[in-house]
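Colleague: Could you take me through the charged pairs and the surface of this model, with the cut-offs spelled out as we go?

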Amino acid sequence: MYSNVSRRKFLKLCGVAAGSALLGSTVVSSKEILKAARGKTKYAMAIDLKACADTHACDGINACVHACKTVNVTPPNSYWMMAIENEHITFAERLPRPCMQCDNPPCVKVCPVGATFKRADGIILVDYFRCIGCRLCAVACPYGVRYFNWDEPTKERIDQTRAESWSKVNEVWEKAGKELKFDENDETAPPYMIEIPRPHGVIEKCNFCLHRVEKGFDPACVVCCPSGAIKFGNIGDPTSEVSQILHEKKYIRLLEEFNTKPNVYYYNTGD
Amino acid sequence: MRELELDHEKTEANMDKILVSVTRTTGGFYKFLIVSLLVLAWFGFAYYQQLSKGLVVTGLNEPMYWGLYIGTFVWFVGIAHGGIAISAAVTVLNLEQYKPVARLGELLTLICLSLSGIMITFDLGRPDRAINLVHWGRYQSPLSWDVFIIVLYFMGSLTFFYIGLRREMPDMIKKFPDNMMTGVYKFLGAGYKGTQKDKRINDKVGYYLGIALLLIMCSASGFIIPLIFALQVAQPGWFTGLLPIYFLAAALASALAAIILMAYITRWMFDWYEFISDKIIHGLAMGLRVFLFLYLYFIVCEQLVMRYAGLLPEQNVSNALFFGEFAPFWWGYLILGLILPLVILILPQTKTIKGYVIASAIVIPALWLKRMLIVLPPLSRQLVPNPIVDPVTRSGFLEPLTTYGIYSPTWVEWSLFAGTLAVGFLMFAIFAKFFPLIELDVGEVYVEPEPIAATPAAAGEVAPAAEPTGPPAQCELCEATFSNLDECCAHAEKEHGIATDSCDMACAEVEGGEAPAEAGGEMVSKCGLCDAEFASKDECCEHAEKEHAIAKDSCDMACEDM
């Protein structure tokens, strides 16, 4: 059994805001999004679809997908970061899809016990010790980013998943002809797993690698992308890369019309 | 007028007939018990598998997060609604003719609500944390609303049921004074004495509770349960305002069908044909017909909008039903599960009791299939394709390329379903073994009390056979005269519809033994209220007291001298 205490303390330390959804403003244009976030900490991702498509090293195996799997050791059918390939999308070759960390999250609205909640910095978390496994949030998410732990992970499976995924990430970087380097101080660098494996019967999902972000590092998918197509940052800080991209470039968000106000922006969609 | 008296003999006989489920235990009952316990043992084994290994033993996966358990949960909740509908209708809308099936209906509600609660705990990933629903419950979540309304409905139905049951405890104690259940009867009776006051209070509470339950029923199945589906923007096919009333129609259809089956089977098993008449089953079947027709209408509305101009995800779901992997189930359901019972209930040739039972027996499992057809297709067509996770990637007929989910229930799910059904049947059988399945006051028989001798001459009618040609008699209603009382009675029955037993109300003998002439001067007194003529003022006064409830002192008001 995993100790609840340290987990809860960890969440408390991070300024957990339990309870209902953060009512987002009714903004659509980037100017208003940036203005609303000014001065606060609000994490978002901007994904360069052209750079992603040009990364032919990722053809067949996607580095971001497996980097995520290495660090978070997700169960077999669970892919917190997913890459959706050409035949399913009309506007890009490849679409990396993490959790959107929506500002109007349908998942947070429907949780009967408040096990999933939105933090003040925008990241939506799951409390693995309160979740009753009803899967209403999974059904409610239009993006399909929530996964369920159908069984209890075993040590063998954890080790095997981590080893396999890490080898795939390395394979991609070799094909790209680059060297994957992490910061020296980065204790959470893959393949070392910090995120605990979830027990059976609870929901899990991408949390923007919070355990890395808290220490000042970028999520695993961001670091492990050979072309740096995935950008992560604080849009409350006007000098961050993501803020500048939002300010300058045209972007789209998935399922915009569902009014979920996602925080993952896709740019460079043309051509 | 005259108070109807309880015919004690016949009532006792009827009560014994009703209680035959309690008093008679055949070999069949024990066989049923053994089979149920075997099924329960298997169910226990299957549930242990699920508890120890997790939901991986089911066919559930990404994106098919919900499957048999949720579909069956909705089905059970649907069936549970009819029970209280009947009882509440009997109490509140005064549809007294359905009283014999009221107890069966209430039992159906209680049992099916319990089964639905059991079903939903199977679906939880962490049933050990179910208490979190109470401890950390969020009022914003449709699932909390579900939990609340089902518990409320169950408690309300249980109370309503108890109010009806309590009334019969004195009779049960009298019938089984020295039984292991006598203590239970005494406890449940809680001092009910059967006095008029008790009855009045009981009925009043039942009446108001019945109204409340009718409202809850409409809100539970018609509004709150379907909201858990209707409020999901992510699932096309669920995300429609039509869903609440759609579910309500299905709920009432399945509920009425279940009551028809229960009524038919129990009356066959226990020979209750005189209590549960064909008329009751006919009435229920006509109600079933209305709800089946409404359901067909709602399906047409839903599919028409989805196919003509639905958003792409909706069209995908509709195509999945019409042409995709769900097509055999969808068309099978529509034709055999909905149109066929409707036709049976419409055509005069099939509108027989057997026809109704066949239609009901089709409707119940068909609506189970339909619930699965509601739950599964939207989940299988995710809005954002998930190619690594979703097992199938192809374009279907009229469907663009997308990824599909696949779901097939495993033996564990079927076993848990079967076990839940076994629990339901067991609960019913155990109740039937210890309590009456029909309200005991259905068996009450009332008769006219023995007639009081109104006039001295009327004493002659007590033994008509002794005097075949008795004194002449006159019909007081139409003033026709007859040579004897028997003829007058025959006339009264034929012309005025008065039963022979009550003949003395209509025919009075004429004193003097002579057939009174039409313009007989012997008619002395005339009743001003009904124009009947009498040979003496006293006779007129007797008549006035008897027929018009005028005291003898005031006889002058009624009787005039001719």
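Colleague: Is A:K231 buried or exposed?

Modeller: This is a predicted model, in which local features need pLDDT of at least 70 and side-chain atom pairs count only at pLDDT 80 or more, while totals for chains, interfaces and linings use all residues. Residues are numbered from 1 along each chain as its sequence is written, chains are lettered from A and ligands numbered from 1 in the order in which they are written, and side-chain values use heavy atoms, with hydrogens and water left out. Buried means under 20% relative accessible area, exposed over 50%, and partly exposed in between (1.4 Å probe, protein chains only). A:K231 has a relative accessible area of 14%, so the residue is buried.

Colleague: Which side chain meets that of A:K231 in a salt bridge?

Modeller: A salt bridge is a side-chain nitrogen of Lys or Arg within 4 Å of a carboxyl oxygen of Asp or Glu. Here the N to O distance is 3.8 Å, and the partner of A:K231 is A:E241. The pair links distant parts of the chain, 10 residues apart, with A:K231 in strand 8 (residues 230–234) and its partner in helix 10 (residues 241–248) of chain A; helices (H or I, at least four residues) and strands (E, at least two) are DSSP runs, numbered from the N terminus. At a relative accessible area of 44%, the partly exposed partner is A:E241.

Colleague: Which residue forms a salt bridge with B:D278?

Modeller: The closest N and O atoms of this pair are 2.9 Å apart, and the partner of B:D278 is B:R267. B:D278 lies in helix 12 (residues 278–309) of chain B and B:R267 in helix 11 (residues 243–270) of chain B, so the pair ties together parts that are 11 residues apart in sequence. B:D278 counts as partly exposed at 42% relative accessibility, whereas the partner with a relative accessible area of 3%, which is buried, is B:R267.

Colleague: How many salt bridges are there over all chains?

Modeller: Side chains of opposite charge can pair when their charged atoms come close. One such salt bridge joins A:D121 and A:R119 at 2.6 Å, N to O, and both of these residues are buried. In chain B, a network of salt bridges links B:K99, B:R167, B:D203 and B:E439. Over all chains, the count of salt bridges comes to 26.

Colleague: What percentage of the residues in chain A is buried?

Modeller: Chain A has 10 helices and 10 strands. Of the 271 residues in chain A, the buried ones make up 62%.
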